[in-house]
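Trainee: I would like to go through this structure with you, starting with the strands and ending with the ligand.

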Amino acid sequence: MSEMKSEDQDIGQQIERLRNEIARHERLYRKENQPEISDQEFDRMVKELEELEAQYPLFSSSESPTRKVGDDRSKGFITVRHRVPMQSLDNTYNQSELFDFDTRLKRLLPGLQPVYLVEPKIDGLAISLTYEKGRFVQAVTRGNGEEGDDVTENVRTIHSLPDRLKGDDFPDLIEIRGEIYMTRKEFKRINKEREASDLPRFMNPRNLASGTLKQLDPAVVAQRKLEIVCYGVGEIRGMTFHHQHEFNELFSAWGLPTVERVWQAEGIENAWKAVEELDALRLEFAYPTDGAVLKLDDLSLQQEAGSTSKAPRWAISYKFAAEQAETLLREITIQIGRTGNLTPVAELEPVEIAGTTVSRATLHNEDEIRRKDVREGDTVIVEKAGEIIPAVVRVVTEKRKKDSSPFDFKGRLDELGFEAERVPGQAAWRLRASDNPVRLRRQIEHFAGRQAMDIDGLGKEIVRQLVERGLVRDVADLYGLGADELAGLDKFAEKSANNLVAAIATSREADLWRVIHGLGIPMIGAEAAKLLASTFGTMERLTKASTEDLAAIDGIGPKMADSLVDYFNEDANRERIRRLFQEAGLKMESSLERHNDEGPLSGKTLVLTGTLPSMTRDEAKAKIEKAGGKVTGSVSRKTDFLVAGAEAGSKLEKARKLDVAILDQEALLAILSDGS
Ligand SMILES: NC(=O)c1ccc[n+]([C@@H]2O[C@H](COP(=O)([O-])OP(=O)(O)OC[C@H]3O[C@@H](n4cnc5c(N)ncnc54)[C@H](O)[C@@H]3O)[C@@H](O)[C@H]2O)c1
């Protein structure tokens with residue numbers, strides 16, 4: 001009996017761990033647009049959870065990610081309820097499961113002779129567009145399926161989306177369901193531009209499209225070209241349809257962008273042929289695709305089949321698998337990150353995957369190693385998808401050597417002499433001692449990098465020697481280095497030493513955001529560093545900010561705010577910043593759109609709309625910014641004032657709905673004159 005109990009406990013814990021891990025990846029994917037793992041790996045985790053929940057119904061829960069749609073809602077947007085919920089789709093990567101779907105449907109709908117519609121599965125973000133009497137009125141993201149974010153203003157920047165539908169035969173109201181995406185060409189263009197301005201690249205078109213759609217300023221959205229494809233409907237009032245394929249035909253007639261090719265297939269064998277045809281064609285489409293969607297064409301049969309809490313029973317997506325290869329895992333090494341995070345890495349017998357040679361793959365963390373039971377000397381399946389780093393998918397257990405034993409993560413850290421601890425509530429381990437030489441090296445390399453202080457000539461090899469010889473124990477020591485000390489390093493000429501001293505000296509003038517990013521504060525990348533620099537202007541003000549001040553900034557989440565406050569509370573970090581300022585003489589000021597925190601509008605967010613009697617919008621914007629205010633493009637709960645001129649439209653309505661204070665030109669000028 002007691003044995004049963006402990007087995008139950010183990011399973012319960014396993015399920016809980018898996019749910020937490022899935023929730024973490026959902027957040028990374030949907031809210032931060034920075035997935036760590038491939039979609040296929042994510043789907044495998046969900047499947048594993050589904051199987052466990054089916055086997056142990058005791059632990060099933062309506063809150064489980066297997067029953068709920070992943071949530072994309074974010075701060076700064078108004079939430080809108082969908083008239084008809086937006087669901088997910090069941091998915092499979094395997095042909096026999098696709099045929100099982102057909103069998104299940106036939107069991108559910110006896111006598112069914114299915115006609116399937118096979119459509120490309122666009123890899124973007126789901127969107128619901130409301131048209132009233134042929135006029136576009138609102139765009140809402142999927143959100144949690146029941147309610148999503150109102151992104152109407154951002155969606156209006158999409159040129160290919162008509163404001164008015166063509167023709168004159170429209171329903172009174174229709175929710176059109178589609179997918180927002182970015183073309184590969186536009187993705188490449190933006191990344192190239194970012195590289196030229198020394199900004200980090202985006203990972204893939206989906207992440208970039210998703211980050212763009214959730215920008216609070218439609219002007220930024222307009223600079224990045226988003227596109228849209230429509231394929232389905234939610235609520236319809238005043239028009240009747242009988243088949244799914246009618247939507248595609250009608251959307252084209254209305255001038256809405258649709259998928260260029262759909263297949264109508266009788267029976268699952270023909271549907272499978274269509275899937276194969278689609279796979280051969282899909283790279284020619286303008287949008288990224290990650291699979292095919294099979295839907296019953298007959299709408300009355302769709303209704304009869306119904307849906308689960310997460311997905312319809314009458315449709316399924318077949319996803320095209322990422323490329324995989326089998327190879328030998330020689331050794332598991334531990335990589336030290338700049339924040340002291342310890343990541344296990346699989347050192348592999350080099351193998352060719354998707355045109356590149358792969359010799360290392362991430363194992364993510366201790367829990368992942370345990371979950372997959374990956375051991376040194378195992379034969380493993382490795383996968384590379386898109387631009388995501390290669391990952392070990394599973395072990396080929398039949399090829400496992402008899403004498404192998406499970407990998408002991410903690411034991412390996414002890415062997416390596418790492419003083420480390422598991423970060424509370426996370427799967428990550430982090431070094432406790434900040435003076436670990438490898439961590440110090442990573443910190444200095446990061447500090448000197450192009451994305452941070454941009455110190456030319458301070459490469460990995462020099463850093464290694466500086467640390468080994470004890471010349472640099474902290475980044476602040478770099479500024480005390482003399483040319484003679486540097487000239488003493490191996491293979492380092494006098495001229496290079498002088499150049500390096502000069503480059504280090506120049507970096508004293510670097511903008512504050514480079515210093516913030518260079519410090520290597522966990523979770524704070526270059527983009528966040530820029531936001532912080534432009535908001536606070538000086539390091540002194542930033543270090544005094546409270547968690548609430550920080551979290552109130554658009555683009556700084558609560559976890560980032562906590563991380564900053566933790567960093568500035570640690571004595572060693574305060575001392576580092578003091579030395580950088582007082583001894584090394586770093587300027588630590590920002591010339592990014594400087595913030596006036598004493599002006600009458602300091603800390604306030606304003607939106608301009610309509611025509612003002614005697615000021616252009618640009619003039620008004622400049623005056624507001626000079627007074628310390630910020631001007632954004634759309635009204636949200638964070639807006640303090642709406643400045644409304646003549647012919648103010650939907651923004652005025654929205655401001656009234658949200659109880660945002662409304663100013664006319666006179667009232668604005670009165671506030672501005674308070675400060676002069
Ligand atoms: N890599 C990660 O860390 C990570 C994390 C979370 C989710 N994900 C990915 O997201 C998926 C879950 O997201 P999901 O619930 O949106 O499921 P999904 O993307 O697999 O399928 C449902 C969605 O497909 C879209 N779609 C595209 N073309 C369509 C068409 N022709 N007809 C109908 N719908 C179409 C719709 O937006 C719909 O909401 C996972 O399966 C995984 O692939 C990845």
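Mentor: A residue is called buried when its relative accessible area is under 20%. Keep in mind that this is a predicted model.

Trainee: How many residues of strand 7 are buried?

Mentor: Strand 7 spans residues 173–181 and is mostly covered. Leu173, Glu175, Arg177, Glu179 and Tyr181 point one way, Ile174, Ile176, Gly178 and Ile180 point the other way, and all are buried. The count of buried residues is 9 of 9.

Trainee: Which residue of strand 8 stands opposite isoleucine 176?

Mentor: Strand 7 pairs with strand 4 (residues 125–132) in the antiparallel sense over 8 bridges, and glycine 178 is there the bridge partner of isoleucine 127. With strand 8 (residues 227–237) the pairing is also antiparallel, over 8 bridges. Opposite isoleucine 176 stands valine 233.

Trainee: Which residue offers a polar backbone atom to a nitrogen atom of the ligand?

Mentor: Two tyrosines have polar side-chain atoms by oxygen atoms of the ligand: tyrosine 29 at 3.5 Å and tyrosine 231 at 3.2 Å. The backbone atom, 2.8 Å from a ligand nitrogen, belongs to isoleucine 37.

Trainee: How much of the ligand's accessible area does the protein cover?

Mentor: The shell draws at least three residues from each of domain 1 (2–59) and domain 2 (79–319). Its residues divide into 10 nonpolar, 5 polar and 10 charged. Of the 820 Å² that the ligand has on its own, the protein covers 92%.

How values were computed: Residues are numbered from 1 along each chain as its sequence is written. This is a predicted model: local features need pLDDT of at least 70, side-chain atom pairs count only at pLDDT 80 or more; totals for chains, interfaces and linings use all residues. Side-chain values use heavy atoms; hydrogens and water are left out. A polar contact is a pair of N or O atoms within 3.5 Å; within protein, one must be able to donate a hydrogen and the other to accept it, and residues adjacent in sequence count only if both atoms are side-chain atoms. Accessible areas come from the Shrake-Rupley method with a 1.4 Å probe; for residues, only the protein chains shown count as cover. Ala, Val, Leu, Ile, Met, Phe, Trp, Tyr, Cys and Pro count as nonpolar, Asp, Glu, Lys and Arg as charged, and the others, Gly among them, as polar. Domain bounds come from an automatic or database domain assignment. Buried means under 20% relative accessible area, exposed over 50%, partly exposed in between (1.4 Å probe, protein chains only). Helices (H or I, at least four residues) and strands (E, at least two) are DSSP runs, numbered from the N terminus. Two strands pair if DSSP finds at least two bridges between them.
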